[in-house]
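Here is a short briefing to read alongside the model. Please have the viewer open, and follow the topics in turn.

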Protein chains: 2
Amino acid sequence: MSQRSKIVLALVLAVCAGAANAAKPAPTPNGIEMPEGYKNWRIIGVAHRTDNNTVRAILGNDAAVAAARAGKTNPWPDGAILAKLVWKATANKHWDKAIVPGDFVHAEFMHKDSKKYASTGGWGYARWVGMDQKPYGKDANVAQECVACHTPVKSQDWVFTQPAVMP
Amino acid sequence: MSQRSKIVLALVLAVCAGAANAAKPAPTPNGIEMPEGYKNWRIIGVAHRTDNNTVRAILGNDAAVAAARAGKTNPWPDGAILAKLVWKATANKHWDKAIVPGDFVHAEFMHKDSKKYASTGGWGYARWVGMDQKPYGKDANVAQECVACHTPVKSQDWVFTQPAVMP
């Protein structure tokens, strides 16, 4: 490879690295990185929260989906990650009795690691807000708010979602 | 390979083929086969139909998801398949303002092929009902019922679902 080619290659790599960094949101204040490719994960459930007017898709990484489909979710296995994509609830333009996704609200995650996250029930909680995916929370104790809300489902390993039944 | 090994192998293959056949539901009366692996497809949207008390996940094959994420869905490309998994709407046991999947109702599909399905707006419609995935419909004209319902969205290529916005 010529010296000139090497320089061009180095520049291309530097630009690509910059683009990749720019695309990846900052970690949450409790030190959790956004999982790669979560929008491509498989479906575990859906929900319509009528108390805060949102609709949700609950997806899982491979470990989570395998556990969900095997019915082995109490406890969920270490390595499982659940993703919740949340939108404002809105009526379908052409069928107003169908409540569907409007504006994107946030993406939130539960990472199961019974040792690493022992202080928060074995789950690492993380959320990125809005289309610009701003990390949620003021400090490293951000997950305490999550744990408080999830306490009613402590008996089902802190997870509200029961995997949807499928044929 | 010994004669005995060959016989064992032939038996194993026969059993596997039988199992695969048993697992695959019959085609619909309009001649559409159930797509393989649709439960592993990626998410395009969700819905809560308050008129018939169901919640839904709308998934797509690779062609459909690529079109959805590129915003190229009017028309959807030939080869796109949309899958809708439908459950009875039920309240989450531990958060009754969250409406979530209960019993499985049916899986239904729209196959885009502007030539093959020209008589039904370029889409082949198919549905399999219940956990035993019984093909829906009495005869080859089954899709007329679907077309009638989808006529309000003729201007958006016959599809109610607008892909959910994602970061």
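**How the two chains relate**

A turn of 180° with a shift of 0.0 Å along the axis lays chain A on chain B with an RMSD of 0.0 Å, the copies being superposed by least squares on the C-alpha atoms of residues with pLDDT of at least 70 in both. That is the relation of a two-fold axis. This is a predicted model, in which local features need pLDDT of at least 70, side-chain atom pairs count only at pLDDT 80 or more, and totals for chains, interfaces and linings use all residues. Residues are numbered from 1 along each chain as its sequence is written, chains are lettered from A and ligands numbered from 1 in the order in which they are written, and side-chain values use heavy atoms, leaving out hydrogens and water.

**Symmetry**

- Among the residues of chain A, A:Arg42 comes closest to the rotation axis, with its C-alpha at 3.0 Å.
- Both copies use the same surface: 100% of the contact residues of chain A recur in chain B, where contact means heavy atoms within 4.5 Å.

**The cavity**

- Searching the whole structure turns up one cavity of 30 Å³ or more; a cavity is a set of points on a 1 Å grid over the protein atoms alone where a 1.4 Å probe fits but cannot get out, and its lining residues have an atom within 4 Å of a point.
- The largest cavity holds about 30 Å³ of space, the volume being that filled by probe spheres set on the points.
- Its lining draws on both chains, including A:Val46, A:His48, A:Ile99, B:Val55 and B:Arg56.
- Strand 1 (42–49) of chain A, and strand 1 (42–49) and strand 2 (54–60) of chain B, are the elements giving two or more residues to this lining; strands are DSSP runs of E with at least two residues, and helices are runs of H or I with at least four, numbered from the N terminus.
- By class, the lining has seven nonpolar, two polar and one charged residues.

**Two buried residues**

- A:Met110 sits in strand 4 (residues 95–112) of chain A.
- With a relative accessible area of 9%, A:Met110 is buried, which means under 20% (1.4 Å probe, protein chains only).
- Beyond residues up to four places away in sequence, A:Met110 touches nine-strong company that includes A:Leu82, A:Trp123, A:Tyr125, A:His150 and A:Trp158.
- In chain B, B:His150 belongs to helix 3 (residues 143–150).
- B:His150 counts as buried because its relative accessibility is 14%.
- Leaving aside neighbours within four places in sequence, B:His150 is in contact with B:Met110, B:Tyr125, B:Trp158 and B:Phe160.

Terms used. Buried < 20%, exposed > 50% of the residue type's maximum accessible area, 1.4 Å probe, protein only. 1 Å grid on protein atoms, 1.4 Å probe; cavity = no way out; pocket = protein on both sides within 12 Å on 5 of 7 lines; lining within 4 Å. Nonpolar A, V, L, I, M, F, W, Y, C, P; charged D, E, K, R; others polar.
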